[in-house]
Amino acid sequence: MLKRDASPCAESPHTEAATDVLIVGGGVCGTALLFTLARYTDLAHITLVERYAQLAQVNSKATSNSQTIHCGDIETNYTLEKALRVKRTAEMIGRYGDLLDPGRRDRCVFRTPKMVLAVGPGECELLRQRFQLFSPHFPAMELLEKQQIAEWEPQVALVDGVLRPEELLAIGIRLSPTAVDYEALSESFVALANDAVAGLDRAVDVRLSTSVIQIEPEGDHYLVELAAAGEGPPTRLRARHVVVNAGAHSLLLAQKMGYGLEYSCLPVAGSFYFTPDLLHGKVYTVQNDKLPFAALHGDPDVRSPGKTRFGPTALLLPLLERYRPASFWEFLRVLRLDGAVLAVLWQLFGDADIRAYILRNLLFEVPWLRRRLFLADARKIVPALQLDDLRFAEGYGGVRPQLIDRQTRRLMLGEVSIPASPGLSFNVTPSPGGTCCLGNAERDALAIRDHLGCQFDHARLVRELVGEDVPSSLAPRSA
Ligand SMILES: Cc1cc2nc3c(=O)[nH]c(=O)nc-3n(C[C@H](O)[C@H](O)[C@H](O)COP(=O)(O)OP(=O)(O)OC[C@H]3O[C@@H](n4cnc5c(N)ncnc54)[C@H](O)[C@@H]3O)c2cc1C
């Protein structure tokens with residue numbers, strides 16, 4: 001690791017020597033890019049700055065998200081086209097796990113059964129059609145009738161040992177990498193990045209407790225102002241290429257520079273509930289197409305053995321970071337409330353389903369009421385669930401930074417990468433941002449190769465993480 005220059009000048013920030021690539025944000029997306037650049041390129045100096053004292057303490061924290069690898073097989077809101085796109089990048093995580101030593105791998109990636117459950121004739125018919133369409137592309141899919149569901153997940157299909165009365169059908173996948181501790185994964189990315197440069201004339205420089213205050217273009221470089229917690233005045237770092245992976249704060253930093261003004265951010269928090277150990281694997285429900293947030297599900301929590309976690313709820317919350325009230329002011333800056341944003345909110349509230357969903361999710365946060373209301377929803381998965389079994393998971397759940405496209409007046413469903421100028425981009429990653437971390441890192445590494453002209457052994461990445469022989473078009477380019 002490079003040593004920081006420790007002589008900041010009081011009047012004007014001291015400028016450090018250049019780094020090749022600066023990554024802003026030490027969540028799963030920032031660290032995945034660090035790993036990718038360290039392992040597959042020949043860049044001499046890569047820096048990552050994270051404003052907290054530990055990696056992955058915001059949305060990638062193990063308690064903030066649903067810990068799922070979204071492959072597209074049980075996400076009923078994905079079209080086949082989207083599912084196939086997501087599948088490639090989702091499978092990169094499982095293959096990455098094979099690069100880890102078994103002890104570390106077992107703390108990062110988990111293999112469990114998973115299913116999507118249909119309840120009632122309408123949902124069952126939809127799932128049957130989906131199975132026809134998807135199973136040729138996802139050969140591990142199995143169509144499960146009620147009795148088979150009872151064999152996989154007794155609590156889902158049985159009440160007092162008898163099959164529950166409603167029509168049930170499920171698509172199941174027996175055993176595959178399904179769950180991830182995205183926090184442990186982030187730590188592993190940094191460890192492998194350090195391994196990749198060990199003994200070489202290259203450096204990976206990870207700076208915790210360091211915030212990026214501002215980014216300014218300077219010739220063909222960027223001057224980045226950094227503030228290290230408790231270390232006096234800001235310093236400046238010169239970077240040849242900057243990728244901002246700071247979650248919702250990516251938009252804040254972009255807009256500060258005049259980029260991404262076509263977007264507003266609508267933060268949607270998700271809460272969770274614990275029950276005793278009820279499920280063997282992940283059980284998702286059929287998604288309401290109108291809702292851009294993942295459907296309710298239940299699954300074993302990878303950090304809390306013996307407990308099942310249900311959720312997430314979806315609460316519009318005026319904060320960019322769930323448990324940091326001061327982020328209200330940052331929220332106001334990226335909301336950029338005007339006619340376009342009001343039009344989107346009006347559209348959302350104009351739809352009876354969405355209105356009911358938003359209001360119901362608001363009530364999920366009211367202490368006495370929330371367990372009672374949530375119980376009714378969770379019983380779709382475990383019909384015999386009792387109120388006493390259910391406990392609000394205090395301190396769990398992050399905020400998904402859903403973006404509003406102000407030009408088309410639309411709430412956007414997925415992530416956005418804002419390519420600001422050559423050598424500068426901002427990634428905003430709501431769900432399934434954890435799943436896509438390596439895919440996005442591959443995309444950003446290709447852009448960095450093209451901009452800086454470095455070596456990028458894309459063939460090795462594709463071989464190791466995608467498991468394919470490399471098409472000639474992907475063969476590495478010389479610098
Ligand atoms: C309820 C919920 C459930 C979810 N479930 C899933 C799921 O099951 N599967 C899935 O794939 N995805 C899921 N997601 C989404 C997933 O958690 C995120 O997409 C992913 O964690 C984003 O990673 P990131 O690195 O981009 O952002 P983050 O993990 O938020 O990291 C951003 C980092 O940037 C740092 N930062 C911010 N500003 C600055 C600055 N100025 N200077 C320096 N550092 C800065 C922050 O401190 C933070 O560490 C879920 C999200 C939520 C909220």
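**Figure 1. Parallel pairing of strands E1 and E11 in the predicted model.** Nine bridges are not drawn individually; strand E1 (residues 14-24) and strand E11 (residues 235-244) pair in the parallel sense over 9 bridges. The structure shown here and in every following view is a predicted model. One bridge of this pairing links His14 to Thr235 in E11. Strand E1 is also joined to strand E2 (residues 45-49), again in a parallel arrangement, through 4 bridges. In that second pairing, Leu22 has Thr47 of E2 as its bridge partner. Strands of a sheet pair through backbone hydrogen bonds, in either a parallel or an antiparallel manner.

**Figure 2. The shell around the ligand.** A total of 42 residues surround the ligand, and the closest are Gly25, Gly27, Gly270, Gly433 and Gly434. Helix H1 (28-40), strand E9 (210-218) and strand E19 (399-405) each contribute at least two residues to this shell. Of the contributions, that of H1 is the greatest, at 3 residues. Sorted by class, the shell comprises 25 polar, 14 nonpolar and 3 charged residues.

**Figure 3. Surroundings of Thr210 in strand E9.** Thr210 is located in strand E9, an element that supplies at least two residues of the shell around the ligand. Thr210 counts as buried because it has 24 C-beta neighbours inside 10 Å, where 20 or more are required. When residues up to four places away in sequence are left out, Thr210 touches Val49, Glu50, Arg51, Leu226 and Ala228. For reference across the chain, Gly97 lies 113 residues from Thr210 in sequence, and the C-alpha atoms of the two are separated by 29 Å.

**Figure 4. The open sheet of 8 strands and helix H2.** The strands of this open sheet follow the order E4-E7-E3-E14-E15-E16-E13-E18, and their pairing is mixed. Strand E4 (141-144) and strand E18 (391-392) form the edges, each pairing on one side only. Helix H2 (residues 80-97) packs on the sheet, where H2 touches strand E3 (109-119) and strand E7 (168-180). The direction of H2 makes about 45° with that of E7.

**Figure 5. Antiparallel pairing of strands E15 and E16.** Within the open sheet, strand E15 (residues 297-300) and strand E16 (residues 307-311) run antiparallel and are joined by 4 bridges. His297 has Gly311 of E16 as its bridge partner.

**Figure 6. Helix H8 and the residue Gly258.** Helix H8 (residues 248-256) is mostly covered, with 7 of its 9 residues buried. The buried residues of H8 are Ala248, His249, Ser250, Leu251, Leu252, Leu253 and Ala254. Just after this helix, Gly258 adopts a positive phi of about 90°.

**Figure 7. The chain as context for the close-up views.** The chain contains 14 helices and 22 strands. Its radius of gyration is 23 Å, close to the 23 Å given by the globule rule for 479 residues, so the chain is as compact as a globular protein of that length. The C-alpha trace spans about 70 × 50 × 40 Å along its principal axes. Of the 479 residues, 46% count as buried. Among contacts with a separation of 6 or more, 72% are between residues 24 or more positions apart.

Definitions and conventions
Residues are numbered from 1 along each chain as its sequence is written. This is a predicted model: local features need pLDDT of at least 70, side-chain atom pairs count only at pLDDT 80 or more; totals for chains, interfaces and linings use all residues. A residue is near a molecule or strand if its C-beta atom, placed from the backbone, lies within 6 Å of it. Ala, Val, Leu, Ile, Met, Phe, Trp, Tyr, Cys and Pro count as nonpolar, Asp, Glu, Lys and Arg as charged, and the others, Gly among them, as polar. The radius of gyration is taken over C-alpha atoms; the globule rule is 2.2 Å times the number of residues to the power 0.38. A residue is buried if 20 or more other C-beta atoms lie within 10 Å of its own, exposed if 12 or fewer, and partly exposed in between; C-beta atoms are placed from the backbone. Two residues are in contact if their C-beta atoms, placed from the backbone, lie within 7 Å. Two strands pair if DSSP finds at least two bridges between them. Axes are lines fitted to C-alpha atoms, for helices over the stretch in contact, and angles run from 0 to 180 degrees between N-to-C directions.
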